[in-house]
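Please look through the sequence and the structure shown below before reading on. The report that follows takes up a few places in turn.

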Amino acid sequence: MNPLDLILTPLGYPFVARAVIAAVLIGATCGVLSCFLATARWSLMSDAVAHSVLPGVVIAAALGAMLPLGAFLAGLFTVLVIGLVRSRTRLRSDAAIGVVFTTMFAAGLVGISKIPSQLDLQHIIFGNILGVGTDELGVAAVLAPLVIAVLLAKRRDLLHWAVDPEHARVLGLRVDALQLLLLVALAATVVLATQLVGVVLVTAMTITPGAIATVLSRRFERRLVLAPVAAIAAAFLGVLASFWLDVSTAGAIVCTLGLEFALAAGLRCVNLQHMGKR
């Protein structure tokens with residue numbers, strides 16, 4: 001088989017082409033966002049928001065409301081509660097995040113078992129990217145570039161805040177507004193991505209690309225390029241691999257991200273050893 005056929009044959013199927021486009025859009029958005037989350041040491045916050053959308057989706061389904069709206073409100077509620085727990089208790093951030101998001105996720109599981117609905121828990125957790133429709137793709141095509149544009153437009157202020165909030169305050173930056181902006185961008189991205197690719201892939205996409213970029217470069221501007229490139233490459237290759245190997249698409253994308261991280265870490269170790277021999 002011609003190597004080019006490995007790419008063109010799957011893309012000949014409309015559902016695979018839509019999955020690739022959706023994965024690339026999500027990858028680009030999560031890649032940019034992950035740089036700020038990694039710098040601010042907020043990587044676990046994305047995991048918390050991704051898992052906490054479940055009760056919001058359940059309640060929205062029971063009320064006949066829009067599922068993305070319920071997920072978005074649940075995500076915002078989660079980050080506000082985490083902030084409250086951190087400020088009013090002696091718990092560290094990781095403990096506060098762990099307590100709140102596991103409770104929210106468990107509440108969602110209880111809701112699914114008690115509230116009649118047509119929700120498919122498997123699709124929420126693992127996604128159904130091969131079933132992405134044109135309407136969902138249209139929403140992603142509008143929202144993803146919007147989130148990226150806002151983050152890039154405010155990247156310098158967000159970087160000052162992520163590195164040192166107190167110094168950012170001294171510089172005259174509105175620290176609370178910047179934090180809220182990042183939280184809203186995170187919640188919007190997680191809600192969008194969860195609808196398309198599921199909780200597992202969202203968590204990986206908002207953590208691993210930023211980790212890869214951090215390993216490869218110290219310069220933040222360069223990370224803003226490396227992270228989305230890594231996420232887009234993993235998304236594209238993961239969808240194609242899932243087609244040919246007949247495996248879970250979300251799982252293939254996450255495994256590809258893991259391989260990219262291993263490669264980046266290996267290159268970093270080689271560079272360090274080379275520098276040490278000089």
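Once neighbours within four places in sequence are set aside, T208 is in contact with L257 and F261. In this predicted model, T208 belongs to helix α11, which is made up of residues 208-216. Because its relative accessible area is 18%, and buried means under 20%, T208 counts as buried.

Another contact across the sequence involves A38, a residue of helix α2 (residues 14-39). A38 and G210 are 172 residues apart along the chain, and yet their C-alpha atoms are separated by 5.9 Å. With neighbours within four places in sequence left out, the contacts of A38 are S43, G210 and T214. A38 has a relative accessibility of 26%, so it counts as partly exposed.

A further residue to follow is H51, which is placed in helix α3 (residues 43-63). Is H51 buried or exposed? Its relative accessibility is 18%, and therefore H51 counts as buried. The side chain of H51 makes a polar contact, at 2.9 Å, with the side chain of D47. Apart from neighbours within four places in sequence, H51 is also in contact with F101, F105, V199 and T203.

The table sets side by side the accessibility of several residues, including two aromatic ones that are discussed further below.

| Residue | Relative accessibility | Class |
|---|---|---|
| H51 | 18% | buried |
| T208 | 18% | buried |
| A38 | 26% | partly exposed |
| F243 | 28% | partly exposed |
| W244 | 37% | partly exposed |

Helix α4 (residues 67-88) can be examined as a whole. Its 22 residues, at 1.5 Å a residue, should span 32 Å, and the end C-alpha atoms are 32 Å apart, so the expected and the computed span agree. Which residues of α4 are buried? They are G70, A71, A74, G75, T78, V79 and I82. Because these residues cover an arc of only 165 degrees around the axis, they lie on the same side of α4. The face turned away from this buried side carries exposed residues, namely L73, L80, S87 and R88. The buried residues of α4 are covered by elements that include α3, α5 (93-114) and α10 (175-205).

Helix α10 also has a part in the largest nonpolar core, which has 80 residues. Within this core, the residues with the most contacts are F36, W42, L151, W161, L182, L196 and M205. The largest share of the core, 17 residues, comes from α10. As general background, nonpolar side chains in soluble globular proteins tend to be buried together. W42 can be followed in detail: leaving aside neighbours within four places in sequence, W42 is in contact with L37, R86, W161, Q179, L182 and L183.

Aromatic rings form the last topic. How many aromatic pairs does the structure hold? There are five aromatic pairs in the structure. One of them joins F243 and W244 in an edge-to-face arrangement, with the ring centres 5.2 Å apart and 90 degrees between the planes. The pair counts as edge-to-face because its planes are over 60 degrees apart. Ring pairs also link F243 and W244 with Y13 and F15 into a cluster.

Technical notes: Residues numbered from 1 in each chain as written. Predicted model: local features only at pLDDT ≥ 70, side-chain atom pairs only at ≥ 80, totals over all residues. Heavy atoms only, no water. Helix = DSSP H or I, 4+ residues; strand = E, 2+ residues; numbered from the N terminus. Buried < 20%, exposed > 50% of the residue type's maximum accessible area, 1.4 Å probe, protein only. Polar contact = N/O pair within 3.5 Å; in protein donor to acceptor, adjacent residues only side chain to side chain. Contact = heavy atoms within 4.5 Å. Phe/Tyr/Trp six-rings, centres within 6.5 Å; stacked < 30°, edge-to-face > 60°. Expected span 1.5 Å × (residues − 1). Arc of directions from axis to C-beta. Core = buried A, V, L, I, M, F, W, Y, C linked by side-chain atoms within 4.5 Å.
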